[in-house]
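Thank you for making room for this in the meeting. I would like to walk through one protein model slowly, beginning with a single side chain and then widening the view.

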Amino acid sequence: MKLIEELIMEKEEANVERLKERYIYTNIVNGYTKEFPGDASIQDVFKQREELRRIASSNSKWELISDGFVTRSNFGFNEETKEITYDRHYIVKMGGKYVPDSQVSFEYLEKHIGDFTALSKVEEIIDRYQVRYPEPPRRHRVNFQVDNKTLEDKTSVAEGYTNMYLRNYGEIGKKLLIKWLNRLNQDIDLETLLIEFKSDISSAKLYLDTPDNKAYQAAKASHMDLDFVLLRLLETYSTKGTYFSSKYKQSIEEQYKRTV
């Protein structure tokens, strides 16, 4: 299985797990409300779980998956397979507590042990409520499984988008992509990253925007801006990509408002 297939599978499994959690949440809240009318304190338990997950992810440096958290690092490009490569590090739930699978995971978990311990305890409370309020039979059974067709389609789209990016922006685009996949893993403040990203995009466009660069000219004609195409790939591969992308788009919007 290609790395991109494994990555999309991991994301789809996480989506399925979040769907399952929504059903569990609804069932627990309904059961608790019937037993304790007017008492909405059960909501605080779920809010606390989400807040602890946010803290544990360190501004999305770690990505929530089906059984814990993952971060990706050491990005590169395999010239033979034409595939983006990376290392993965996991912190997963085992035996009621979170455990690391690598030195990177161990160091991060050790630094944030209080947050992960608190998260384990909150999840333990939710598990007890799940036993207390067992799920009633449903008329239409929900399939909490990854759909193979969806997996194939999303993998194909991700792979095609990556190939399109490399085709349109060539060696400069590839170096820019690998640089920023690794850059987002570093402990650098957001403002510095945004300034550097904008500078890199401007420099890359100067090199790419020549009359004989047909691929780049075609991308421009299709209104495919380098920064936004690159951001979409960062969102796919980097655990911090979506967070960074949203902040970049927000800064561009604010910059535009100041000029009108």
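Let me begin with a question about one residue: does Lys-247 count as buried, partly exposed or exposed, and what is its relative accessibility? Please keep in mind throughout that what you see is a predicted model. The relative accessibility of Lys-247 is 28%, and because buried means under 20% and exposed means over 50%, Lys-247 counts as partly exposed. Lys-247 sits in helix α9, and, once its neighbours within four places in sequence are set aside, its contacts are with Leu-190 and Leu-194. Leu-190 is 57 residues away from Lys-247 in sequence, yet the two C-alpha atoms are 8.4 Å apart in space.

Now let me step back to the whole chain. The protein chain contains nine helices and four strands, and, read from the N terminus, the order is α-α-β-β-β-β-α-α-α-α-α-α-α. The C-alpha trace spans about 70 × 45 × 40 Å along its principal axes. Of the 260 residues in the chain, 40% are buried, and, if we take the contacts with a separation of 6 or more, 66% of them are between residues 24 or more positions apart. On the outside, the chain exposes about 15,000 Å², of which carbon and sulfur atoms supply 52%. As for charge, there are 40 positive and 43 negative side chains, and the centres of these two sets lie 3 Å apart.

Let me turn to the interior. In soluble globular proteins, nonpolar side chains tend to be buried together. Here the largest nonpolar core has 39 residues, and those with the most contacts inside it are Tyr-165, Phe-197, Leu-234, Tyr-237 and Phe-244. Several elements give two or more residues to this core, including α1 (3–35), β2 (68–78), β3 (83–94) and α9 (241–259), while α5 gives the most, with twelve residues. Apart from this core lies another, of 20 residues, among them Ile-42, Phe-46, Phe-116 and Val-122.

Phe-197 deserves a closer look. Phe-197 is buried, with a relative accessible area of 0%, and, leaving aside neighbours within four places in sequence, it is in contact with Trp-180, Asp-227, Leu-230, Leu-231, Leu-234, Phe-244 and Tyr-248.

That list leads us to the aromatic rings, for which a search of the whole structure finds 17 aromatic pairs. The ring centres of Phe-69 and Phe-116 lie 5.5 Å apart with their planes at 90°, and so this pair is edge-to-face. Because Phe-69 lies in strand β2 and Phe-116 in helix α4 (residues 113–132), the pair ties together parts that are 47 residues apart in sequence. Both Phe-69 and Phe-116 are buried.

Phe-197 and Tyr-248 form another edge-to-face pair, at 5.0 Å centre to centre and with 80° between the planes. This pair also links distant parts of the chain, with Phe-197 in helix α6 and Tyr-248 in helix α9, 51 residues apart. Tyr-248, with a relative accessible area of 3%, is buried, whereas Lys-247, with which we started, is partly exposed.

One last group is worth finding on the screen: which residues do ring pairs link into a cluster? They are Trp-62, Phe-69, Tyr-98, Tyr-108 and Phe-116.

Technical notes. Residues are numbered from 1 along each chain as its sequence is written. Side-chain values use heavy atoms; hydrogens and water are left out. Buried means under 20% relative accessible area, exposed over 50%, partly exposed in between (1.4 Å probe, protein chains only). Contact means heavy atoms within 4.5 Å. Accessible areas come from the Shrake-Rupley method with a 1.4 Å probe; for residues, only the protein chains shown count as cover. Lys and Arg count as positive and Asp and Glu as negative; His and the chain ends are not counted. The place of a charge is taken as NZ of Lys, CZ of Arg, CG of Asp or CD of Glu. A nonpolar core is a set of buried Ala, Val, Leu, Ile, Met, Phe, Trp, Tyr and Cys residues joined through side-chain atoms within 4.5 Å. Rings of Phe, Tyr and Trp (its six-membered ring) pair if their centres lie within 6.5 Å; planes under 30 degrees apart count as stacked, over 60 as edge-to-face and the rest as tilted.
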